[in-house]
Amino acid sequence: MPTLRIATYNIEWMNNLFLKGEAKLRTEPAKGMGRFPTDPRGVAERIAGVIKGLDAHIIGVQEGPSKLSQMQFFSDEFLEGRYTASGIESGSQSIYALVRNDCPIKATPYDPSSVYYKRLLKPVQFQPWGEVNNVKKYKMARPPALIRLAGEDDNKPIHLVVAHTKSQFTSGFTKAKFDAREPAAMREAILSRQKLSADIAALRRHITNVILERQNASGVIVMGDLNDGFTRSVFETEFLLQSLVDELRGSFRRQSALLDHVLDEAQLRKKEAYTVEFRSAEKRGITRELIDHILVTPALRDPEFWLKLQPGAATIAHEISKAHTSGTGAKADDRPSDHIPVYADFNVA
């Protein structure tokens, strides 16, 4: 029985490895937002080392370069051309899917003109927290990569979504302002979270719609950097804004569209259950959080379905990432990324 391995990997500011708009690496560092290593090729080799270690047939890339041609160049130059890239160019943190040439199933990207993209990118209206009759419009900034997965008979296809939702970061949200609950800073932070919630809501509607339509999805896989995890933040405990990963999970009224994590409960409770480390305004020291996820609908746990998640086979790839990191990885040149990839294996009937 063949095995399909999929992985999600946020590759920290990959765009900054390239010359602007060109499928060519920089030969010297530049300045701007994000990470700018002094040795772009060396970092690219670290990234390639991680991807080769993952040995995945399909990889969802977040924070990819601005041009699809740059993502394909990376595959050709550093991955022996074994992967074909697809996705929508959306700026300096684009989202792509890499499909390996020997993928055991059919993986077909949706055209950017697809109705699915039109729905996902439709602006959402919402009321800023604490205001009335002041409607704001928000449009998803980073279009997901959408892939149709199917077996040889093309029956009961799977809808794969690679997503990278909006960051919760706001520049004015310092620890001092947080401790004082400074009103302007808190409003800015809450507004940022509302926009992230709009991203999550759009994804949730999309998942439910493709399942209920029963045309191109008997099941759904969502993977990527969702910028939220399982730690309860001040937004949930004090301002009663719901957990975003719980929001994405879905409603018990739509059982076939519910999402479940590929990591089991025991794995999710371990101290190693994190994919990022960062300094948070909410507490002292380093915060560890699992924000990179692979989620599946119930069909992919059904023993009779043509594509079935292997129990216990999902992994947060700490060791693979560590093998290509020098020291603590604190310096820009010493790490492949500031995120740890996650992968999962599926049996193909």
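# Salt bridges and ring pairs: worked exercises

The structure holds 15 salt bridges. The model is a predicted one.

## Exercise 1

Find which residue forms a salt bridge with Glu77, and state which parts the pair ties together.

**Solution.**
- Step 1. The partner of Glu77 is Arg41, and their closest N and O atoms are 3.4 Å apart.
- Step 2. The cut-off for a salt bridge is within 4 Å. The pair Glu77 and Arg41, at 3.4 Å, counts as one.
- Step 3. Glu77 sits in helix α2 (residues 68-78) and Arg41 in helix α1 (residues 40-54), so the bridge ties together parts 36 residues apart in sequence.
- Step 4. Glu77 is partly exposed, at 40% relative accessibility. Arg41 is partly exposed too, at 36%.

## Exercise 2

Decide whether Arg100 is buried or exposed, then do the matching step for Asp55, its salt-bridge partner.

**Solution.**
- Step 1. The closest N and O atoms of Arg100 and Asp55 are 2.8 Å apart.
- Step 2. Arg100 belongs to strand β4 (residues 94-100), while Asp55 is in the loop between α1 and β2 (58-64), so this bridge ties together parts 45 residues apart in sequence.
- Step 3. Buried means under 20% relative accessible area. Arg100 has 6% relative accessibility, so Arg100 counts as buried.
- Step 4. Asp55 has a relative accessible area of 40%, so Asp55 is partly exposed.

## Exercise 3

Place Asp102 and Arg82 in the chain, and name the network of salt bridges that links them with Asp55 and Arg100.

**Solution.**
- Step 1. Asp102 forms a salt bridge with Arg82, with 3.9 Å between the closest N and O atoms.
- Step 2. Asp102 lies in the loop between β4 and β5 (106-109), and Arg82 in the loop between α2 and β3 (83-88). The two residues are 20 apart, and the pair links distant parts of the chain.
- Step 3. Asp102 is partly exposed, with a relative accessible area of 42%. Arg82 is partly exposed at 37%.
- Step 4. The network is made up of Asp55, Arg82, Arg100 and Asp102, linked by salt bridges.

## Exercise 4

Count the aromatic pairs, then classify the pair Tyr110 and Tyr116.

**Solution.**
- Step 1. The count is four aromatic pairs.
- Step 2. For Tyr110 and Tyr116, the ring centres are 5.3 Å apart and the planes stand at 85°, so the pair is edge-to-face.
- Step 3. The cut-off behind this is planes over 60 degrees apart.
- Step 4. Tyr110 is buried, with a relative accessible area of 15%. Tyr116 is buried as well, with 3%.

Terms used
Residues are numbered from 1 along each chain as its sequence is written. This is a predicted model: local features need pLDDT of at least 70, side-chain atom pairs count only at pLDDT 80 or more; totals for chains, interfaces and linings use all residues. Side-chain values use heavy atoms; hydrogens and water are left out. A salt bridge is a side-chain nitrogen of Lys or Arg within 4 Å of a carboxyl oxygen of Asp or Glu. Helices (H or I, at least four residues) and strands (E, at least two) are DSSP runs, numbered from the N terminus. Buried means under 20% relative accessible area, exposed over 50%, partly exposed in between (1.4 Å probe, protein chains only). Rings of Phe, Tyr and Trp (its six-membered ring) pair if their centres lie within 6.5 Å; planes under 30 degrees apart count as stacked, over 60 as edge-to-face and the rest as tilted.
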